[in-house]
Every structure is written in structure tokens, then in C-alpha cells.
Amino acid sequence: MKTAIACIAVLALALSACGADAPPPPKAAVAQPAAPLPNSNVFSTDVKALNKAKNVQNVVNDQQKAADKALQDQGG
């Protein structure tokens with residue numbers, strides 16, 4: 001009986017020690033956008049390669065449009 005009372009007392013003290021004294025900090029109202037990446041970072045070579053590929057694709061698209069226009073001007 002004494003051990004049961006001792007266990008209940010220890011359990012009550014342990015649970016009361018877990019209470020929070022201060023409320024949690026408030027959440028931010030609106031999430032802030034991420035800062036832009038600097039010019040020199042881990043991905044800069046990949047970004048340069050991607051931009052180069054996009055520019056090449058634009059040139060190919062322009063050449064295709066010119067070829068289509070020339071074909072239609074010939075009557076085909």
C-alpha cells in the first residue's frame with residue numbers, strides 16, 4: 001500500500017513538472033518568400049546549362065517557323 005501511494009505521488013510530481021510555463025510563440029501571419037539565389041551557388045552551372053538549352057530551343061523554333069513560312073510561300 002505504501003509503494004502504491006509513493007508511486008502515485010512520484011507520478012503526480014512528474015506530470016506536474018511537464019507543464020508549460022509560457023504559451024508557445026505566435027505563428028507568422030504570412031509566409032515570407034524565399035530570398036533569391038545568389039549568382040554563384042551550387043546550382044549556378046546547372047542553371048546556366050538550362051538557360052543555354054532554352055535559348056537553343058528558341059533558335060530551333062525560329063528556324064522551324066521560317067521553314068514553314070517558306071514552304072507555304074512556295075505553295076506547298
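D73 sits out in the open in this predicted model, with a relative accessibility of 59%, which puts this residue in the exposed class. Its partner K69 is exposed too, at a relative accessible area of 53%. The two side chains meet in a salt bridge, with 3.5 Å from N to O. As for how they come to face each other, D73 and K69 are four residues apart in helix 2, so about one helical turn separates them. No need to go hunting for further pairs of this kind: the structure holds one salt bridge.

Helix 2 itself runs over residues 44-73. With 30 residues at 1.5 Å each, a span of 44 Å is expected for helix 2, and the C-alpha atoms at its ends do turn out to be 44 Å apart, so the two values agree. Just past the end of helix 2 comes G75, which takes a positive phi of about 100°.

Elsewhere on helix 2 there is V47, a residue that falls in the partly exposed class because its relative accessible area is 43%, between the 20% and 50% cut-offs. V47 joins V42 and F43 in making a nonpolar surface patch of about 310 Å². Helix 2 thus carries V47 of this patch as well as the D73 and K69 pair.

Zooming out to the whole chain, the secondary structure is quickly told: two helices and zero strands. Buried residues are scarce, making up 1% of the 76 residues in the chain. The chain has an accessible surface of about 7,500 Å², and carbon and sulfur atoms account for 65% of that area. The picture, then, is a chain of two helices without strands, with 1% of its residues buried, a nonpolar patch made by V42, F43 and V47, and a salt bridge between the side chains of D73 and K69.

Definitions and conventions: Residues are numbered from 1 along each chain as its sequence is written. This is a predicted model: local features need pLDDT of at least 70, side-chain atom pairs count only at pLDDT 80 or more; totals for chains, interfaces and linings use all residues. Side-chain values use heavy atoms; hydrogens and water are left out. Patches are made of residues with over 30% relative accessible area and no salt bridge: like charges are joined within 9 Å, nonpolar side chains (Val, Leu, Ile, Met, Phe, Trp, Tyr) within 5 Å. Accessible areas come from the Shrake-Rupley method with a 1.4 Å probe; for residues, only the protein chains shown count as cover. A salt bridge is a side-chain nitrogen of Lys or Arg within 4 Å of a carboxyl oxygen of Asp or Glu. Buried means under 20% relative accessible area, exposed over 50%, partly exposed in between (1.4 Å probe, protein chains only). The expected span of a helix is 1.5 Å times one less than its number of residues.
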